[in-house]
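Student: Could we go through this model together? I would like to understand the words people use for it.
Tutor: Gladly; ask away.

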Amino acid sequence: DEMLQQHAVLKADVDRINLMISSPPDTRAEARGRELLLESVASLAADLEKHFNYEEQGGSYLKVVTDARPTLSPKVEALRDEHADILRRLEAVMRSDDHVPLADIERDLTTVLDMLRRHEAAETSMVVEAVNTDIGAAD
């Protein structure tokens, strides 16, 4: 399934970034570490953009949720709005120049990754709510 493949790719991206920002700093390798970190962020941003576009297409789970539970439409729209915010924040990190301390980049990334985790959890919760309500309605 396309969605499962995308989630696997995103998990690998996030795991790679988490490993990089949790590793002890090595001042000799900081410049290369910054470059690798920003490359990983660019990869995550590209993969997230593809994932978000897929979610927002007419046949995605978002439409399934709103079809099953029209009252969840405001939640769906709020989550859709978060897509743009998450991507904007990642782009801001990618634009960090050499004058931005690596610790600041890592802090900003941690914030965005936390936001992404909360976002994905909210999406999952909403889908479960829609399915449970749909199943319960048939009883």
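Student: Which residues line the second largest pocket, and what makes them lining residues?
Tutor: They are His 7, Leu 10, Lys 11, Val 14, Asp 15, Leu 48, Leu 113, Leu 116, Arg 117 and Glu 120. On a 1 Å grid over the protein atoms alone, a pocket is an open set of points with protein on both sides within 12 Å along at least five of seven lines, and lining residues have an atom within 4 Å of a point. H1 and H5 each give two or more residues to this lining, and H1 has the largest share, with five residues. Helices here are DSSP runs (H or I, at least four residues), numbered from the N terminus.

Student: How do you know where these values come from?
Tutor: This is a predicted model, where local features need pLDDT of at least 70, side-chain atom pairs count only at pLDDT 80 or more, and totals for chains, interfaces and linings use all residues. Residues are numbered from 1 along each chain as its sequence is written, and side-chain values use heavy atoms, with hydrogens and water left out.

Student: Why is Gln 6 called buried?
Tutor: Its relative accessible area is 7%, and buried means under 20%, exposed over 50%, partly exposed in between (1.4 Å probe, protein chains only). Gln 6 therefore counts as buried.

Student: And why is Asn 18 called partly exposed?
Tutor: Asn 18 has 26% relative accessibility, which falls between the two cut-offs, so it is partly exposed. Asn 18 sits in helix H1 (residues 2–22), and Gln 6 lies in H1 too.

Student: What does Gln 6 touch beyond four places in sequence?
Tutor: Lys 50, His 51 and Tyr 54; contact means heavy atoms within 4.5 Å. With the same kind of neighbours set aside, Asn 18 is in contact with Leu 113 and Arg 117.

Student: What makes the pair Gln 6 and Glu 2 a polar contact?
Tutor: Their side chains are joined at 2.8 Å. A polar contact is a pair of N or O atoms within 3.5 Å; within protein, one must be able to donate a hydrogen and the other to accept it, and residues adjacent in sequence count only if both atoms are side-chain atoms. The 2.8 Å value is therefore inside the distance limit.

Student: Which residues touch the most other members of the largest nonpolar core?
Tutor: Of its 22 residues, they are Ile 17, Leu 37, Leu 44, Leu 48, Ile 86, Leu 90 and Leu 109. Such a core is a set of buried Ala, Val, Leu, Ile, Met, Phe, Trp, Tyr and Cys residues joined through side-chain atoms within 4.5 Å.

Definitions and conventions:
1 Å grid on protein atoms, 1.4 Å probe; cavity = no way out; pocket = protein on both sides within 12 Å on 5 of 7 lines; lining within 4 Å.
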